[in-house]
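Here is a quick walk through one protein model, going from the overall fold down to a handful of residues. Have the structure open while you read.

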Amino acid sequence: MKLSEHKDLKTAITDLPIKEKDKLLLRLVAKDKVLTEHLHYKLLEDELDLEDRKEKIKTDVTEQVADLKKLNAKEALVKVRKMVTSVNHFYKVTKDPLGEVELKIFILSIIPFDYRKSIFGYRDYMILFSSFYLKTVAVTINKYKKLHEDLQFDLSESLNNLLDKIYSSKLAPSAEAASLPKEIN
């Protein structure tokens with residue numbers, strides 16, 4: 001049931017006494033962890049806290065990259081997905097598009113491409129890994145293009161370095177097939 005479909009319910013909620021609205025609001029917020037964290041960020045945190053959140057993600061990712069080199073492609077795919085998910089969570093909480101793009105470029109830039117092949121199983125997880133990686137790069141480029149041109153200018157060098165890394169690796173044919181640009185202007 002959507003609130004927009006029930007205009008009379010919307011009116012009834014706005015007519016509730018303030019104390020009752022507060023109780024209902026607090027009960028609803030408590031049921032959604034992301035909303036709770038978003039409200040905490042919006043009401044109680046500032047720019048320094050935003051930078052702390054970014055640095056924490058960068059530190060966590062940097063610590064995990066050393067372990068990635070020891071894994072096979074399947075295990076690495078799971079870890080990389082978790083890294084990207086942490087950035088998605090960051091965006092849901094902060095609604096900071098610049099931070100999201102900046103963090104994704106950071107993560108995608110430091111992730112290695114070479115992993116051991118799993119000797120068990122029938123699936124080639126390197127194909128799945130490269131597919132996930134290139135899709136994430138494409139999504140990041142689309143979000144980059146939606147940023148203000150001054151912000152794009154700030155991130156263009158690191159994004160071009162990422163694209164250069166991709167096109168000078170074994171992912172180049174897949175990147176070309178996925179229509180990834182070789183350079184961002």
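## Out past the last helix

Let's start with Ser179, which is exposed, with a relative accessible area of 62%. You'll find Ser179 in the segment after helix H9, which spans 172-177. One thing to keep in mind from here on: this is a predicted model.

Ser179 also has a backbone quirk: its phi is positive, at about 60 degrees, although Ser179 is not a glycine. For context, most residues other than glycine have a negative phi.

## The overall build

Stepping back, the protein has nine helices and zero strands, so the pattern read along the sequence is simply α-α-α-α-α-α-α-α-α. With a radius of gyration of 21 Å, well over the 16 Å that the globule rule gives for 185 residues, the protein is more spread out than a compact globule. Along the principal axes, the C-alpha atoms fill a box of roughly 65 × 45 × 35 Å.

Buried residues account for 35% of the 185 residues in the protein. The accessible surface comes to about 12500 Å², and carbon and sulfur atoms contribute 57% of that surface. Take the contacts between residues at least 6 apart in sequence: 64% of them join residues at least 24 apart. As for charge, there are 33 positive and 30 negative charges, and their mean positions sit 9 Å apart.

## A buried glutamate in H6

Is Glu100 buried or exposed? Glu100 counts as buried, because its relative accessibility is 3%, under the 20% cut-off. Glu100 belongs to helix H6, residues 97-110.

Which side chain does Glu100 pair with through a polar contact of 2.8 Å? The partner is Lys143. Leaving aside neighbours within four places in sequence, Lys143 is also on the contact list of Glu100, together with Val87, Asn88, Phe90 and Tyr91.

## Arg53 and its neighbours

Phe90 turns up again when you look at Arg53, a residue of helix H4 (residues 47-68). Arg53 and Phe90 are 37 residues apart in sequence, yet their C-alpha atoms are 7.8 Å apart in space. Once neighbours within four places in sequence are set aside, Arg53 is in contact with Phe90, Val93 and Thr94, as well as Glu37, Tyr41 and Glu45. With Glu45 there is also a side-chain polar contact of 3.0 Å.

## Two lysines around H5

Lys92 is found in helix H5. At 47% relative accessibility, Lys92 counts as partly exposed. Beyond neighbours within four places in sequence, Lys92 is in contact with Val34 and His38. If you want to relate Lys92 to the segment where we began, try Leu180: the two are 88 residues apart in sequence and 26 Å apart in space, C-alpha to C-alpha.

Now for the other lysine. Where is Lys95 placed? Lys95 sits in the loop between helix H5 (73-94) and H6. Lys95 is partly exposed too, with a relative accessible area of 46%. Like the serine we opened with, Lys95 has a positive phi without being a glycine, here about 55 degrees.

Technical notes: Residues numbered from 1 in each chain as written. Predicted model: local features only at pLDDT ≥ 70, side-chain atom pairs only at ≥ 80, totals over all residues. Heavy atoms only, no water. Helix = DSSP H or I, 4+ residues; strand = E, 2+ residues; numbered from the N terminus. Rg over C-alpha atoms; globule rule 2.2 N^0.38 Å. Buried < 20%, exposed > 50% of the residue type's maximum accessible area, 1.4 Å probe, protein only. Contact = heavy atoms within 4.5 Å. Areas by Shrake-Rupley, 256 points an atom, 1.4 Å probe, with all protein chains shown as cover. Lys, Arg positive; Asp, Glu negative; His and termini not counted. Charge placed at Lys NZ, Arg CZ, Asp CG, Glu CD. Polar contact = N/O pair within 3.5 Å; in protein donor to acceptor, adjacent residues only side chain to side chain.
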